[in-house]
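Let's take a walk around this protein, one topic at a time. Keep the picture open while you read.

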Amino acid sequence: MATCQAPGEGPVRPVSVSLHEGTIAALKARTGKRGMSAYVETLIQRQLERDRLRELIEDAEAEHGPVDQAAADAKRAILRSDAAGSVDAA
């Protein structure tokens, strides 16, 4: 019986994917030939996290209604000013 592994867990095994030549060239230029798998693994994990976050947001909005954009913008401004202050302090 197979156990369900979380992204990034379990043994590594090869799979086959098809990519455009230009994508492969850019990937090799960025990672070198031996770093491609780790780079792609990280990208896929990040996308899976984003997909799951989107699902959680959709579920919350279905239950509680849409986010108040003005409130979200106000919180974003606070976070950005804190981030700018952290950079200035460094």
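## The overall fold

The secondary structure of this protein chain comes to three helices and zero strands. Starting at the N terminus, the elements run α-α-α. Keep in mind that what you're looking at is a predicted model.

How much of the chain counts as buried? Of its 90 residues, just 2% do. The chain exposes about 8300 Å², and carbon and sulfur atoms supply 56% of that area.

## The largest pocket

Now look for the largest pocket, which has a volume of about 770 Å³. It is lined by 22 residues, and the closest to its centre are Arg13, Val15, Ser37, Glu41 and Ile44.

Which helix gives the most to this lining? That's helix H2, covering residues 36–64, with eight residues. As for the chemistry, the lining residues split into 14 nonpolar, five polar and three charged.

## A nonpolar patch on the surface

Next, find Tyr39, Val40, Leu43, Ile44 and Leu48: together they make a nonpolar surface patch of about 390 Å². Ile44 should ring a bell, as it is also one of the residues closest to the centre of the largest pocket.

Let's zoom in on Tyr39, which is found in helix H2. Its relative accessible area is 32%, so Tyr39 is partly exposed. That value fits with being in a patch, because patch residues need over 30% relative accessible area.

## Two salt bridges

How many salt bridges turn up in a search of the whole structure? The answer is two.

One of them pairs Glu55 with Arg52, and their closest N and O atoms are 3.4 Å apart. Both residues lie in helix H2, three residues apart, and that's about one turn of the helix. Glu55 counts as partly exposed, at 39% relative accessibility, and Arg52 is partly exposed too, at 44%.

The other pairs Arg76 with Asp73, with 2.9 Å between the closest N and O atoms. Why are these two separated by about one helical turn? Because Arg76 and Asp73 are three residues apart in helix H3, which spans residues 69–89. Arg76 is partly exposed, with 37% relative accessibility, and Asp73 is partly exposed with a relative accessible area of 38%.

Key: Residues numbered from 1 in each chain as written. Predicted model: local features only at pLDDT ≥ 70, side-chain atom pairs only at ≥ 80, totals over all residues. Heavy atoms only, no water. 1 Å grid on protein atoms, 1.4 Å probe; cavity = no way out; pocket = protein on both sides within 12 Å on 5 of 7 lines; lining within 4 Å. Points joined across faces, edges and corners; volume = space filled by probe spheres on them. Helix = DSSP H or I, 4+ residues; strand = E, 2+ residues; numbered from the N terminus. Nonpolar A, V, L, I, M, F, W, Y, C, P; charged D, E, K, R; others polar. Patch = residues over 30% accessible without salt bridge, like charges linked within 9 Å, V, L, I, M, F, W, Y side chains within 5 Å. Areas by Shrake-Rupley, 256 points an atom, 1.4 Å probe, with all protein chains shown as cover. Salt bridge = Lys/Arg side-chain N within 4 Å of Asp/Glu carboxyl O. Buried < 20%, exposed > 50% of the residue type's maximum accessible area, 1.4 Å probe, protein only.
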